[in-house]
Amino acid sequence: MGTAPMAERFERQGWSLRSSSWYGYEVGTTWCEVELEPADGPDVLLNGVMDPSRFTDLAALLSRFGLSYTLELYDEEGSLLRETRG
C-alpha cells in the first residue's frame, strides 16, 4: 500500500491529514503525530511521536488496516522500549 491510500485510511479514522512532500503525508491525532514516507517496494515508513501509553492502540489500528508492520517505541535517549510485529 502506498502512502496516499494509507493516509486516507488514517483520515477516515478521524486523524488529521496534511501533505508534507511529493509522496509523504503527516497524520495525527491528540496522542500521535507521524510522517508517512515511501520505503522500498510497497512499504511505508511511519516515523513520529506518540503517547507511549497508546502504543497498543496504534498497533491495533495498523492491524485493522490489514498491514504487515514492525512498530518500535524509543525513549528520548534512543533506547528501544517496546517492539511489536503484526
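Two strands count as paired if DSSP finds at least two bridges between them. Keep that in mind as you click around this model, which is a predicted one.

**Stop 1: the hairpin of β5 and β6**

Select β5 and then strand β6, residues 80–85. These two run antiparallel and are joined by 5 bridges. For one bridge to look at, pick Leu73: its partner in β6 is Arg82. Now follow the chain from one strand to the other. β5 and β6 make a hairpin, with 5 residues between them. In that turn, click on Gly78, which has a positive phi of about 90°.

Stay with β5 and show its side chains. In a regular strand, side chains alternate between the two faces of the sheet. Which residues of β5 are on the covered face, and which on the uncovered one? Leu71 and Leu73 make up the covered face. Thr70, Glu72 and Tyr74 sit on the uncovered face.

**Stop 2: just past β6**

Move on to Gly86, in the segment that follows β6. Is Gly86 buried, exposed or partly exposed? The relative accessible area of Gly86 is 48%, so this residue counts as partly exposed, since that label covers the range between 20% and 50%. Leaving out residues up to four places away in sequence, Gly86 touches Leu67, Ser68 and Tyr69. If you like distances, draw one from Gly86 to Val34: the two are 52 residues apart along the chain, and their C-alpha atoms are separated by 18 Å.

**Stop 3: the open sheet**

Now select β1, β2, β3 and β4. Together they form an open sheet of 4 strands, in the order β1-β2-β3-β4, and the pairing is antiparallel. Which strands are at the edges? They are β1 (16–19) and β4, each of which pairs on one side only. Look along the sheet and you can see a twist: on average, neighbouring strands are turned by 20° against each other, ignoring direction.

Zoom in on β1 and strand β2, residues 25–29. Their antiparallel pairing runs over 4 bridges. Here are some residues to click on:

- Ser16 stands opposite Gly28 in β2.
- Leu17 has Val27 of β2 as its bridge partner.
- Ser19 faces Tyr25, also in β2.

β1 and β2 form a hairpin too, with 5 residues between the strands.

Next, step across from β2 to β3. How many bridges link this pair? There are 5, again in the antiparallel sense. Try Gly28 here: its bridge partner in β3 is Glu33. The hairpin that joins β2 to β3 does so through 2 residues.

**Stop 4: the helix on the sheet**

Keep the sheet on screen and add helix α1, residues 3–12. This helix packs on the sheet and touches β1, β2, β3 (32–38) and β4. Compare the directions of α1 and β3, and you'll find an angle of about 160° between them.

Inside α1, select Thr3. Why does Thr3 count as buried? Its relative accessibility is 10%, and buried means anything under 20%. Show what surrounds Thr3: not counting residues up to four places away in sequence, it touches Tyr23, Tyr25, Leu36, Glu37, Pro38 and Val44.

**Stop 5: a loop residue**

Jump to Phe65, in the loop between α2 and β5. Phe65 is buried, at 8% relative accessible area. Now measure across to Phe10 in your viewer. Phe65 and Phe10 are 55 residues apart in sequence, yet the C-alpha to C-alpha distance is 9.0 Å.

**Stop 6: the largest pocket**

Finish with the largest pocket, which holds about 740 Å³ of space. It is lined by 26 residues, and those closest to its centre are Leu46, Asn47, Thr70, Leu71 and Glu72. Select those five to find your way in. Then colour β4 (44–50), α2 (55–64) and β5 (70–74), the elements that give two or more residues to the lining. Which element gives the most? That is β4, with 7 residues.

As a last step, colour the lining by class. You should get 18 nonpolar, 4 polar and 4 charged residues.

How values were computed. Residues are numbered from 1 along each chain as its sequence is written. This is a predicted model: local features need pLDDT of at least 70, side-chain atom pairs count only at pLDDT 80 or more; totals for chains, interfaces and linings use all residues. Side-chain values use heavy atoms; hydrogens and water are left out. On a 1 Å grid over the protein atoms alone, a cavity is a set of points where a 1.4 Å probe fits but cannot get out, and a pocket is an open set with protein on both sides within 12 Å along at least five of seven lines; lining residues have an atom within 4 Å of a point. Grid points are joined across faces, edges and corners, and a volume is the space filled by probe spheres set on the points. Ala, Val, Leu, Ile, Met, Phe, Trp, Tyr, Cys and Pro count as nonpolar, Asp, Glu, Lys and Arg as charged, and the others, Gly among them, as polar. Axes are lines fitted to C-alpha atoms, for helices over the stretch in contact, and angles run from 0 to 180 degrees between N-to-C directions. Contact means heavy atoms within 4.5 Å. Buried means under 20% relative accessible area, exposed over 50%, partly exposed in between (1.4 Å probe, protein chains only).
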